[in-house]
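Visitor: Please take one part of this model and go through it closely. I would like to see how it sits in its surroundings.

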Amino acid sequence: MIVVIDGDSGSRDVAEAILAKLRFAVAPFESVELALSAMRALVPEAVVARESAAAAIRDFLPTNRSGHAIPLLPITNDLAAPEALVAALRRLLRVRPLPY
């Protein structure tokens, strides 16, 4: 599951559609507070967020089942194109800490 945080509903919908089309389960949130609250119960594979939200959530990310912080992908202008977003997310998910 990928958590998407974006205050702009249109951008959030686009990110959700792109990721869902690639068969990712997606949990979209309009704010960091809502996402953090939900992540207490959810254990996402990664978090995708606009730069401002990424900065706000970085120090509060919960850990995954291996005890490592959940990977965070800040969305910058160079990741605005769907292909760039997908490629960056795939790289992020490939580069995971080992579970030991």
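**A buried aspartate and the sheet around it**

Guide: Asp 6 is buried, with a relative accessible area of 9%; buried here means under 20%. The model is a predicted one. Asp 6 belongs to the loop that joins strand 1 (2-5) to helix 1 (9-21). Its side chain reaches the backbone nitrogen of Asp 8 at 2.9 Å. Leaving aside residues up to four places away in sequence, Asp 6 touches Ser 11, Arg 12, Phe 29, Glu 30 and Arg 50. One of these contacts, Phe 29, lies in strand 2 (26-29), and another, Arg 50, lies in strand 3 (residues 46-50).

The sheet comes next. It is open, has 4 strands in the order 2-1-3-4, and its pairing is parallel. Strand 2 and strand 4 (72-75) stand at the edges; each has a single partner strand, so one side of each is left without a neighbour in the sheet. From one strand to the next the twist averages 20°. Strands of a sheet pair through backbone hydrogen bonds, either parallel or antiparallel. Here strand 3 pairs with strand 4 in the parallel sense, over 4 bridges. Within that pairing, Val 47 has Leu 72 of strand 4 as its bridge partner.

Two helices lie across these strands. Helix 1, which follows the loop of Asp 6, lies across strand 1, strand 2 and strand 3 and runs at about 175° to strand 2. Helix 4 (residues 82-94) lies across strand 1, strand 3 and strand 4, at about 160° to strand 4.

Helix 4 can be checked for length. At 1.5 Å a residue its 13 residues should span 18 Å, and its end C-alpha atoms are 18 Å apart, which agrees. The buried residues of helix 4 are Leu 85, Val 86, Ala 88, Leu 89, Leu 92 and Leu 93. Seen down the helix axis, they fall within an arc of 165°, so they line one face of helix 4. An α-helix has 3.6 residues a turn, so residues three or four places apart point the same way. On the other side of helix 4, Glu 83 and Arg 94 are exposed. The buried residues of helix 4 pack against strand 1, helix 1, strand 3 and strand 4. Strand 1 and helix 1, both among those packing partners, are also the two elements on either side of the loop that holds Asp 6.

Note on methods: Residues are numbered from 1 along each chain as its sequence is written. This is a predicted model: local features need pLDDT of at least 70, side-chain atom pairs count only at pLDDT 80 or more; totals for chains, interfaces and linings use all residues. Side-chain values use heavy atoms; hydrogens and water are left out. Buried means under 20% relative accessible area, exposed over 50%, partly exposed in between (1.4 Å probe, protein chains only). A polar contact is a pair of N or O atoms within 3.5 Å; within protein, one must be able to donate a hydrogen and the other to accept it, and residues adjacent in sequence count only if both atoms are side-chain atoms. Contact means heavy atoms within 4.5 Å. Two strands pair if DSSP finds at least two bridges between them. Axes are lines fitted to C-alpha atoms, for helices over the stretch in contact, and angles run from 0 to 180 degrees between N-to-C directions. The expected span of a helix is 1.5 Å times one less than its number of residues. The arc is that of the directions from the helix axis to the C-beta atoms.
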